[in-house]
Amino acid sequence: MATPLSDPSPSPLRTVAVVGLGTMGTGIAEVLAKAGREVVGIDISEAQAAKCVAALEASTARGVERGRLTEQDRAGILARVRTSADLRAAADADLVIEVAPESYEVKQQIFRELDGIVRPGTILATGTNALSVTRLAADSARPERVLGLHFFNPAPAMKLVEVVSSVLTAPAAVTAVTDLALDLGKEPVAVGDRPGFVADGLLFGYLNQAAAMYEARYASREDIDAAMRLGCGLPMGPLALLDLIGVDTARTVLEAMYSASHDRLHAPAPILKQLSEAGLTGRKAGRGFYTYEVPGSAVVVPDALTPAENATAVAGRTVSSVGVAGSGTMASGIAEVFAKAGYQVVLAARSEEKAQTAKARIGKSLARSVDKGRMTAEAAAETLDRITATGTYEDFAGVDLALEAVAEDLEVKRQLFTALDKVCKPGAILATTTSSLPVVACARATSRPQDVIGMHFFNPAPAMKLVEVVRTVLTADDVHATVREVCGRIRKHAVDCGDRAGFIVNALLFPYLNNAVKMVQEHYASLDDIDAAMKLGGGYPMGPFELLDVVGLDVSLAIEKVLHREFRDPGLAPAPLLEHLVAAGCLGRKTGRGFREYAKR
């Protein structure tokens, strides 16, 4: 008999019924059985139940082959799982987890039937990520025992479990399920009931904006995905991830989010509806944003939208020497990148002293590379010899490419471009590394706007592989072709985008960060839980608040203001909490306090 929930020692939930044996249900059943629970798998389709058993047999066989399980372990796991097509098989369960299709009608019918089957102390959990747990609970005869238990796919591998309480949920039910999640080796995060919860609430807004960016033909699907993988360290690009999740599933989640928030950022991009209604739902259909070898395959095959190799027919200009303007971390990093690739580099700053300091910083970076065995001492010395430090931009007279990495201030950059226009030879390309300012404004400060382009490197420049190549409406084709060729020579991955705020990466990244701040501002979840949710559930290398503190809250606020000003979308307005922290001088790690406090160095 299960212990009543009012007991101070909650039930260990020994017997668990899983209703719905698709990919997620099968994965949850495997996790439970491996943790010693008795599992009753229930599905109206006997074929689906057989498929579940076959999947468990295959998965545990792989575990034995890889030395993770013994044959005895495997036999025990399989013996603990039984399947049925009858919901009455859940009668003795301590916990029921339903992972049926995302439909109120379907889930409510299951819960109504369970009310008449299970014992009074049984906890009923929904695996929904889009529907209201409160609405499902209110329709049940036992609302205090209904909660959300949101696993992530694939359930055996993903550590995050969101434990979702409604206003009706009994605290003892939450405790019992949280203890179970810990016993399963998962990391439970407590969240309230709103569509998407934490991880999907942040993730799907970002995915939706990526879909809208692609639909607007701002950038290719390949460039959007590469930009977010290489610029943010994400395991998958957003469009590939939409194909994996299912375009129709994403649309359902976003519809639910929009109905609750009325935020335009959650209104599903029209392309999601078009693809869904055409049956192009992603990997499972064999085609979505990309085309796959066969339905269910992860192998992308070329289609009509796949860019041709060496598609540019325009010949580029010759670049053998490069000028880098600036003395900060980004300027010295970019100078190092070009010098390593064999270019002669002129590193110019406002004074000879600043330029020499920047060159010394490069010397230290190269020395670290030698210490780590990444290059020889001779190669490091040759690289440093290719860099000429100077306190005057007059020394840019002979360079083929002049690239500025000065302060992110439009007036400062415009003045510099005016100076470069006078100094640099005809035919030299002038580039800006801005991450948020209009490239065309820099171009208009010169008499040669056709020679001006954006090259947005990411910090630290020697390590980060991405460069956003930003064309204005005035940029010449051969200038664009040249910069693409140069990116190849310096071993960077170039992505093309137009001259609008945020380009690709920041336009998708900062609204996501802003939405995370809004979650904390609204007391929906804690900093630690949100950071954990995005790292464990989304595969992000850093949680949003870790990242904000590293980037700098002042820098983040400035970028968010630029995005809001450009797109005029109320959903992009900076969160007041971010503005308050900046006003208080809490700018992140650099000041010792941002969203968190840091030890002084």
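# Salt bridges, buried residues and backbone geometry

The side chains of aspartate 477 and arginine 471 meet in a salt bridge, with an N to O distance of 2.5 Å. The model in which this pair is found is a predicted one. Both partners have some access to the surface: aspartate 477 counts as partly exposed because its relative accessibility is 45%, and arginine 471 counts as partly exposed because its value is 26%. Side chains of opposite charge can pair when their charged atoms come close. A search of the whole structure finds 28 such salt bridges, and several of them merit individual description.

One of these joins arginine 142 to aspartate 115, where the closest N and O atoms are 3.3 Å apart. This pair links distant parts of the chain, the two residues being 27 positions apart: arginine 142 belongs to the loop between helix H5 (133-138) and strand S6 (146-151), whereas aspartate 115 belongs to helix H4 (residues 104-115). Are the two partners buried or exposed? Arginine 142 has a relative accessible area of 10% and is therefore buried. Aspartate 115, with a relative accessible area of 17%, is likewise buried, since the cut-off for this class is under 20%.

The salt bridge between glutamate 336 and lysine 340 has its closest N and O atoms 2.9 Å apart. Here both residues lie in a single element, helix H12 (residues 329-340), and the four residues that separate them correspond to about one turn of the helix. Glutamate 336 is buried, because its relative accessibility is 2%. Lysine 340 is partly exposed, because its relative accessible area is 38%. In addition to these pairs, Glu98, Glu102 and Lys107 are linked in a network of salt bridges.

Charged side chains also form a patch on the surface. Which residues make up this positive surface patch? They are Arg361, Lys364, Arg368, Lys372 and Arg374. Among them, lysine 372 lies in the loop between helix H13 (352-371) and helix H14 (377-385). With a relative accessibility of 55%, lysine 372 counts as exposed, because the cut-off for that class is over 50%.

Attention now turns to two buried residues. Asparagine 208 is part of helix H7 (residues 199-215). Its relative accessibility is 4%, so asparagine 208 counts as buried. What lies 2.8 Å from a polar atom of the side chain of asparagine 208? The partner at that distance is the backbone nitrogen of alanine 269. The other residue, valine 16, is located in strand S1 (residues 15-19). Valine 16 is classed as buried because its relative accessibility is 0%. Between the C-alpha atoms of valine 16 and leucine 563 there is a separation of 48 Å, the two residues being 547 positions apart along the chain.

The backbone itself deserves examination. Most residues other than glycine have a negative phi, and most peptide bonds are trans. Where, then, are cis peptide bonds found in this model? One is the bond from asparagine 153 to proline 154, for which omega is near -5°. Proline 154 is situated in the loop between S6 and strand S7 (160-165). Another cis peptide bond joins asparagine 459 and proline 460, with omega of about 0°. Proline 460 is situated in the loop between strand S16 (452-457) and strand S17 (466-471).

Positive phi values form the next topic. Arginine 217, although not a glycine, has a positive phi of about 60°. Arginine 217 occupies the loop between H7 and helix H8 (221-232). Arginine 217 counts as exposed because its relative accessibility is 77%. Histidine 523, also a residue other than glycine, has a positive phi near 60°. The loop that contains histidine 523 runs between helix H18 (505-521) and helix H19 (527-538). With a relative accessible area of 73%, histidine 523 is therefore exposed.

Definitions and conventions. Residues numbered from 1 in each chain as written. Predicted model: local features only at pLDDT ≥ 70, side-chain atom pairs only at ≥ 80, totals over all residues. Heavy atoms only, no water. Patch = residues over 30% accessible without salt bridge, like charges linked within 9 Å, V, L, I, M, F, W, Y side chains within 5 Å. Areas by Shrake-Rupley, 256 points an atom, 1.4 Å probe, with all protein chains shown as cover. Salt bridge = Lys/Arg side-chain N within 4 Å of Asp/Glu carboxyl O. Lys, Arg positive; Asp, Glu negative; His and termini not counted. Charge placed at Lys NZ, Arg CZ, Asp CG, Glu CD. Buried < 20%, exposed > 50% of the residue type's maximum accessible area, 1.4 Å probe, protein only. Polar contact = N/O pair within 3.5 Å; in protein donor to acceptor, adjacent residues only side chain to side chain.
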